[in-house]
Amino acid sequence: MLKFSRTADAIGATASKLEKTRVLAEYLRELEPADLRLAAVWMTGRAFSPNDPRVQNLGGSTMWRAVQALTQLEADELGSTYLKYSDPGDWAFEVLQGRTHPRPTGLQDVAQAFDRMAATGAQQAKLEELTLLLDRLQPLEAKYVIKILASDLRIGLQEGLVEEAVAQAFGLNLDQVRRLHMLTGDIGETAVRCQAGEVETTSIQLFKPIRFMLATAVATPEEAMQRVGSEAWTEEKYDGVRCQLHKQGDRVALYSRDLRETTLAFPELAEAAGRLTHDVLIDGEVLGHRAGKVLRFFELQRRLGRKEVPAGLREEVPVALVAFDLLYLDGEAILDLPLQERRARLEALGFEHPFLLARYEAARSAADLDRLFKETRERGNEGLMLKSPESAYTPGRRGMAWLKLKRPLATLDVVVTAVEWGHGKRRGVLSDYTFAVLDEETGELVNVGKAYTGLTDAEIAEMTQHFLESTLVDRGRIRIVQPETVIEVAFDSIQHSGRHKSGYALRFPRIVRLRPDKTVKEIDTLATVAALYERFFGAETATTLEEVAEIP
Ligand code: AMP
């Protein structure tokens, strides 16, 4: 631990990135694999790799109490020294001088103490463990243990520089290291593989989850086609949970988007995976379904975060895995193959329920996309995924090879019922509009939201004048106005709301345009809002499993 700490100190002492990298590379090069794994992660200011499900959860006050117990100093004195540094590590370094009982301590010893601390939920037990650990360290070592636990080394070393140092240490090209890191999502694992010379991505190791490929958002079919090239494969943007399935021989594991193991949440998928006749790593989405219909995410959610899924719930919310990618097949990593070839191999696996294949359809123009988008909307789905059939799978990256096309859910014509003075840049103008739809049953106007973006400054100035003149009640901040100004608003979703009499609130509404051509008689109705809510967010979905997946 002393060598780690001296290295970290030396890195912090120079502003030169080249020098930081050189010092770190020299240190990493000498380490045994087990130490290398720890040192690389700790140098990024973390006690555990981001894909390690454990969190240290050690409060600042626990660190404080551990240091206090060792130093026996008064809180005042500890506090005034702390103010000098505002960094818990630097502070511990000073106050622990001559107050610990140092013994030679390796990185493994520290890691074991970290493991024990993470394993207990009780702050008191963490405190005892930390006090014992600090007591056996030299102040310089304690400084870095504390910094790691506080998740910030403050030595000007970003993850990028650690990657560079790993490359330098083992004579590799930086791109190779980055790629491997992207794949593993774990700099410690990356460093160890680099040391062993296993840098090819063909070295996917099953049961070490890799980071998921992500999609970049686009707002229009035209923009989407421009980015994706001449052809895009479109798939439903599923409303489930992302899932990575690893299967080798008899062993099966499922991982979530944050690379945590979720095998126990979906036992039927794990059992069925055991019957696949190939070793695979599959990327897909778990969907809940009932009577042929896809369930909303909130129903699937009931199955998450449990140690065990009760049989009743398994029946109530059955799940399927809709596979859309294959990254490893029988000993070979195939991420770099074009999507269309990966897909061909995925299809050849011969799935049986509950494994399904994602349905895709090729689009060659913005008009194709527009049609496909409308179809998915008809099914009550929010968006469309687009993938370039030529593209490689790039773990952890939000690139242009995968896009997600989202558009506002709908637009409605509504009437402004109240206005509010704006804040900041909008001070002195009436810029926030509360708006209503018509409840045809009662003839009343009922509010469904409030919008404060979308108009130009000139329009806002003009509307301010207009609303000052049409104010019915002046309540200071808010003015109730004559309900006669019709605007068109776009929005992304609808929620139930107790705040509005209508019972609904539009989420993220923005003004698309003023509609001086419309009168209040022509605005949209509460029944329309209720129908939109039912279609997109109500319990019953309109999507059948068959529409979005190929069912064997
Ligand atoms: P976002 O979280 O907005 O970046 O969107 C990407 C997420 O969409 C992924 O994490 C997946 O869980 C989800 N997703 C839904 N459908 C698909 C699909 N057909 N292909 C890939 N990801 C999908």
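Trainee: Which domains does the domain assignment of the chain give?

Mentor: In this predicted model, the assignment gives domain 1 as 2-149, domain 2 as 214-407 and domain 3 as 410-536. The C-alpha centres of domain 1 and domain 2 are 41 Å apart.

Trainee: What makes β1 and β10 the edge strands of their sheet?

Mentor: The sheet is open, with five strands in the order β1-β12-β11-β2-β10 and mixed pairing. Strands β1 (214-218) and β10 (361-363) each pair on one side only. On average, neighbouring strands of this sheet are turned by 40° against each other, direction ignored.

Trainee: How do you know that β11 and β12 pair?

Mentor: Two strands count as paired if there are at least two bridges between them. Strand β11 (residues 383-387) and strand β12 (residues 398-406) have five bridges, in the antiparallel sense, so the criterion of at least two is met. As one example, Lys-387 has Trp-402 in β12 as its bridge partner.

Trainee: Which helix packs on the sheet and touches β2, β10, β11 and β12?

Mentor: That is helix α18 (residues 366-378), whose direction makes about 140° with that of β11. Helix α13 (residues 221-228) lies across β1, β2 (232-236), β10, β11 and β12, and runs at about 160° to β12.

Trainee: Why is the approach of Glu-285 to the ligand called a polar contact?

Mentor: A polar contact needs a pair of N or O atoms within 3.5 Å. A polar side-chain atom of Glu-285 is 2.8 Å from an oxygen atom of the ligand, and therefore the pair qualifies. The same cut-off of 3.5 Å admits the 3.2 Å between a ligand oxygen and an N or O atom in the side chain of Arg-242. With Tyr-238, a polar backbone atom lies 2.9 Å from a nitrogen atom of the ligand.

Trainee: How much of the ligand does the protein cover?

Mentor: On its own the ligand has 490 Å² of accessible area, and the protein covers 90% of that.

Trainee: Which of the 13 residues around the ligand come nearest?

Mentor: They are Glu-235, Arg-257, Glu-285, Arg-398 and Lys-404.

Trainee: What makes the bond between His-353 and Pro-354 a cis peptide bond?

Mentor: Its omega is about 5°. Pro-354 sits in the loop between α17 (339-347) and β9 (355-358).

Trainee: What is noted about phi of Phe-207?

Mentor: Phi is near 75°, a positive value in a residue other than glycine. Phe-207 belongs to the loop between α12 (187-195) and β1.

Methods
Residues are numbered from 1 along each chain as its sequence is written. This is a predicted model: local features need pLDDT of at least 70, side-chain atom pairs count only at pLDDT 80 or more; totals for chains, interfaces and linings use all residues. Side-chain values use heavy atoms; hydrogens and water are left out. Helices (H or I, at least four residues) and strands (E, at least two) are DSSP runs, numbered from the N terminus. Axes are lines fitted to C-alpha atoms, for helices over the stretch in contact, and angles run from 0 to 180 degrees between N-to-C directions. Contact means heavy atoms within 4.5 Å. A residue is near a molecule or strand if one of its heavy atoms lies within 4 Å of it. A polar contact is a pair of N or O atoms within 3.5 Å; within protein, one must be able to donate a hydrogen and the other to accept it, and residues adjacent in sequence count only if both atoms are side-chain atoms. Accessible areas come from the Shrake-Rupley method with a 1.4 Å probe; for residues, only the protein chains shown count as cover. Domain bounds come from an automatic or database domain assignment.
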